[in-house]
Amino acid sequence: MTYLRKLIAIWVAKAAIIAGKLMGKKSSSAPGSFALKIYPSILKDLSSQIKKEIIVVCGTNGKTTTNNMLCNLLTTNGYNVVCNHVGANMLEGVTTAFINSTGLFGNLKADYACIEVDEASTIKIFDHLTPSKIIITNLFRDQLDRYGEIDITIKLLEKALKKAPNAQLILNGDDPLTARFGWNSSHQCYYYGIDQNLNTEPSETKEGRFCTFCGEQLQYNYYHYSQLGDFFCPSCGFKRPELTFKAFHVNLQGGLQFDIEYNHSTIPLKVPYKGFYNIYNILASFSAAALIGTDFNSMNTAFERYKPQIGRMESFYLGKPVILNLSKNPAGFNQAISTVLQDRRNKDVMIVINDNAQDGRDISWIWDTDFERLAHPSIQSFVVSGIRKDDVAVRLKYAQIPLEHVTTYDNIKDAVIELVKHSGEVCYILVNYTALFNTQNILKKLEKSMKRRGTNDKV
């Protein structure tokens, strides 16, 4: 009877995946929800069939990119990997990813699982699978009405880690809120970070500027962004740990170029990605792959060939380059702004902010975002859309951006068409979560329409 329920759960979920795709949906969570109702042990059953290891990636920013990079590193080396590529990272989404890789009779032939997990869902998911490695990328304020302040997320992760006592922890050593999980921990811990002073101006708000052990304000030998850098507590001795994986010789011109030092070896990397923050994503995925024993040469090739996922500085062409990026909290937005400003071309910027349940109803975070930096001579104009477009327009006004440079649109498609008509050489579109897929679909359709017409003119 149990086996029959398992089969029915798999068949129903697979049918739902196919039906969803035919309807143009992602079908990344609902199929898993159906399966769990039919056979609640389905994920525990399937995850036990992984031959080698289950690697979990969690943290506020970068987990989708890190997870997909790691999956790419492993598949490049010939391994079969289960992965929730599109970022459906709650219990239902993780279950869907496993079922999608399973045969019709419940057989899973996979060497590894690379699973992105929502921080608040770790406690529940770790009851269904046992990770051998856990990557924590960073912790920033995000969706305050859902998570609350960061200390609540820290407590949730502490409880989850107790459910995986044998897991190795791969932690961002530059982030005091992440590195703390390794401080006096019984877990085997590895740390990655950027071992170089890049002379970053510490103008933005530090999310975790106080020591979580004694409450003293942290000091820095040097600083990268938000609370990330070479930190130390002058009171209790908590400090950035010795880095197992170090990035240095960082060059941000024409992509990302830097060296990684690990185990007395130096590995040079040059990749065509945008965004300083992607160095951390690369380091995190590299660390896990190196600990698994992946060949360094193949890793370099895999990083060069890796294409960013949906909305991670994703490029389109609508008579000029249009770059789409997901930015959903102050730390992410500030890094997106840095990436925009690193592009020396004249540009136009579009911002789309929603406040749907998946985004978080509370958008007060836009006042912690350093929009003042967008008052830059290289930015020609701003187009604003989304449910909270008026709030964003007000925020831009207080950022000293002239009102005549800002246009608001109810319809995202109209906003995109207006954006590319402006005089900039390149357009950047910064969106939060529920605006992402809609905006991407609009860009795809407009790009496809241009190609069909065989024109390079603007839309």
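Which residue in strand 15 is the bridge partner of Asp348? The partner is Ser381, and the legends below set this pair in its surroundings.

The model is predicted; local features require pLDDT of at least 70 and side-chain atom pairs count only at pLDDT 80 or more, whereas totals for chains, interfaces and linings use all residues. Residues are numbered from 1 along each chain as its sequence is written, and side-chain values use heavy atoms, with hydrogens and water left out.

**Figure 1. Overall view of the protein chain.**
The secondary structure of the protein chain comprises 15 helices and 17 strands; helices (H or I, at least four residues) and strands (E, at least two) are DSSP runs, numbered from the N terminus. Along the principal axes, the C-alpha atoms fill a box of roughly 65 × 60 × 45 Å. The radius of gyration is 22 Å, in agreement with the value near 23 Å that a compact globule of 459 residues would have; this radius is taken over C-alpha atoms, and the globule rule is 2.2 Å times the number of residues to the power 0.38. Of the 459 residues, 58% count as buried, where buried means under 20% relative accessible area, exposed over 50%, and partly exposed in between (1.4 Å probe, protein chains only). The accessible surface comes to about 19,300 Å², with 48% belonging to carbon and sulfur atoms; the areas come from the Shrake-Rupley method with a 1.4 Å probe, and for residues only the protein chains shown count as cover. Among contacts between residues at least 6 apart in sequence, 72% join residues at least 24 apart, a contact being heavy atoms within 4.5 Å.

**Figure 2. The open sheet of six strands.**
The strand order is 12-13-17-14-15-16, with mixed pairing; two strands pair if DSSP finds at least two bridges between them. Strand 12 (314-317) and strand 16 (406-408) stand at the edges with a single partner strand each, so one side of each has no neighbour in the sheet. From one strand to the next, the twist averages 20 degrees; axes are lines fitted to C-alpha atoms, for helices over the stretch in contact, and angles run from 0 to 180 degrees between N-to-C directions.

**Figure 3. Strand 15 and its two partners.**
Six of the seven residues of strand 15 are buried. Strand 14 and strand 15 pair in the parallel sense over six bridges, including the one between Asp348 and Ser381. Strand 15 (residues 379-385) is also joined to strand 16, in parallel, by three bridges. Phe382 has Val406 of strand 16 as its bridge partner, and Val383 stands opposite Thr407 in strand 16. Helix 13 (residues 389-398) packs on the sheet, where it touches strand 14 (347-352), strand 15 and strand 16, its direction making about 150 degrees with that of strand 15.

**Figure 4. Helix 14 on the six-stranded sheet.**
Helix 14 (residues 412-421) lies across strand 13 (321-326), strand 14, strand 15 and strand 17 (426-431). Its direction is at about 170 degrees to strand 14.

**Figure 5. The open sheet of nine strands.**
Here the order is 2-3-1-4-5-6-9-10-11, again with mixed pairing. Strand 2 (81-83) and strand 11 (265-271) are the edge strands, each pairing on one side only. The twist averages 15 degrees from one strand to the next. Strand 1 (residues 53-58) and strand 4 (residues 133-136) pair in the parallel sense over four bridges, and Val57 stands opposite Ile135 in strand 4. Helix 4 (residues 63-76) lies across strand 1, strand 2, strand 3 (112-116) and strand 4, running at about 165 degrees to strand 3.

**Figure 6. Surroundings of Ile260 and Glu304.**
Ile260, in strand 10 (residues 256-262), is buried at a relative accessible area of 0%. Beyond residues up to four places away in sequence, Ile260 touches residues including Lys246, Phe248, Leu283 and Phe286. Glu304 belongs to helix 11 (residues 296-305) and is partly exposed, at 43% relative accessibility. With neighbours within four places in sequence left aside, Glu304 contacts Lys270, Val271 and Pro272. The C-alpha atoms of Glu304 and Pro272 are separated by 7.0 Å, although their positions lie 32 residues apart along the chain as a sequence separation.

**Figure 7. Cysteine residues.**
The structure holds zero disulfides, a disulfide being a pair of cysteine sulfur atoms within 2.5 Å. The sulfur of Cys189 is 13 Å from the closest cysteine sulfur, that of Cys58, which is too far for a bond. Cys427 is buried, with a relative accessible area of 0%.
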